[in-house]
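Me: I am new to this structure. Please take a single part of it, go through that part closely, and then show me what lies around it.

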Amino acid sequence: MNQIVAIVGRPNVGKSTLFNRLIQRREAIVDSVAGVTRDRNYGKSEWNGRTFSVIDTGGYIKGSDDIFEGEIRKQVELAIDEADAIIFVTDVEEGITPMDETVASLLRKVQKPVLLAVNKVDNSMREKDAIEFYNLGLGEYYTLSSTSGSGTGDLLDALMQAL
Ligand code: GDP
Ligand code: MG
């Protein structure tokens, strides 16, 4: 069974960086369904011998928070429908933003596994800054640095357990 994992979160938190790290092979960027799939990248990934598909959401969402709140909401709702598990990416440099709260409130209602990833934890100093992410009400979080790859193994271990 091919399971699908969606990466969601507001712009600039590092979703695509994580996606690129997780995938081995990128599938065609689907561009045919107007307004929906053009914003999404699909790839295949493998961890501990299990393969799964990964969706990177919000590819073309750029710009100020207020304009794109509705777009993010749409992406998250799509991901909730389509995916078997969701990785919600946040950014320790910025901390919790109102848009993170919005996404969290959507994800708290979901009956599927949601893994909260606190990205840009590039050094141990930032581990303690990540503690505030408990306040999103999604339970345990996983710290990682998508640019260096540190922490992604623990995230994937948790993902495999959750799927
Ligand atoms: P997206 O909009 O959520 O897809 O975010 P991107 O993957 O495009 O990344 C946005 C910016 O954050 C880029 O400049 C990345 O290089 C940077 N970035 C991503 N992951 C990390 C990380 O782990 N640490 C740091 N310091 N920067 C990161
Ligand atoms: Mg992106």
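Reply: The part chosen here is strand β5 (residues 85–91), which runs parallel to β1 and is joined to β1 by four bridges. The model is predicted, so local features need pLDDT of at least 70 and side-chain atom pairs count only at pLDDT 80 or more, while totals for chains, interfaces and linings use all residues. Residues are numbered from 1 along each chain as its sequence is written, and chains are lettered from A and ligands numbered from 1 in the order in which they are written.

Helices (H or I, at least four residues) and strands (E, at least two) are DSSP runs numbered from the N terminus. Two strands pair if DSSP finds at least two bridges between them.

On the β1 side, Ile 87 of β5 is the bridge partner of Ile 7, and Ala 6 stands opposite Ile 86. β5 has a second parallel neighbour, strand β6 (residues 114–119), to which six bridges join it. There, Asp 91 stands opposite Asn 119. β1 (residues 3–8) also pairs with β4 (residues 50–56), again in the parallel sense, over five bridges. Ile 7 has its bridge partner in β4 as well, namely Asp 56.

Next comes burial. A residue is buried if 20 or more other C-beta atoms lie within 10 Å of its own, exposed if 12 or fewer, and partly exposed in between, with C-beta atoms placed from the backbone. Seven of the seven residues of β5 are buried, so the strand is largely enclosed by the rest of the structure. In the protein chain of 163 residues, 36% count as buried.

In a regular strand the side chains alternate between the two faces of the sheet. In β5, Ala 85, Ile 87, Val 89 and Asp 91 point one way, Ile 86, Phe 88 and Thr 90 point the other way, and all are buried.

Ile 86 shows what packs against the strand. Two residues are in contact if their C-beta atoms, placed from the backbone, lie within 7 Å. Neighbours within four places in sequence aside, Ile 86 has contacts that include Ala 6 and Val 8, Ala 79 and Ile 80, and also Leu 107, Val 110 and Val 114.

Leu 107 belongs to helix α3 (residues 98–107), where Met 99, Asp 100, Val 103 and Ala 104 are buried along with it. Seen down the axis of α3, these buried residues fall within an arc of 140° (that of the directions from the helix axis to the C-beta atoms), so they line one face of the helix. Pro 98, Glu 101 and Ser 105, on the other side of α3, are exposed.

The last point is the core. A nonpolar core is a set of buried Ala, Val, Leu, Ile, Met, Phe, Trp, Tyr and Cys residues joined through C-beta atoms within 7 Å. The largest one has 40 residues, and those that touch the most other members include Ile 86 and Phe 88, together with Ile 7 and Val 118.

For the setting as a whole, the protein chain has five helices and seven strands. Among its contacts between residues at least 6 apart in sequence, 67% join residues at least 24 apart.
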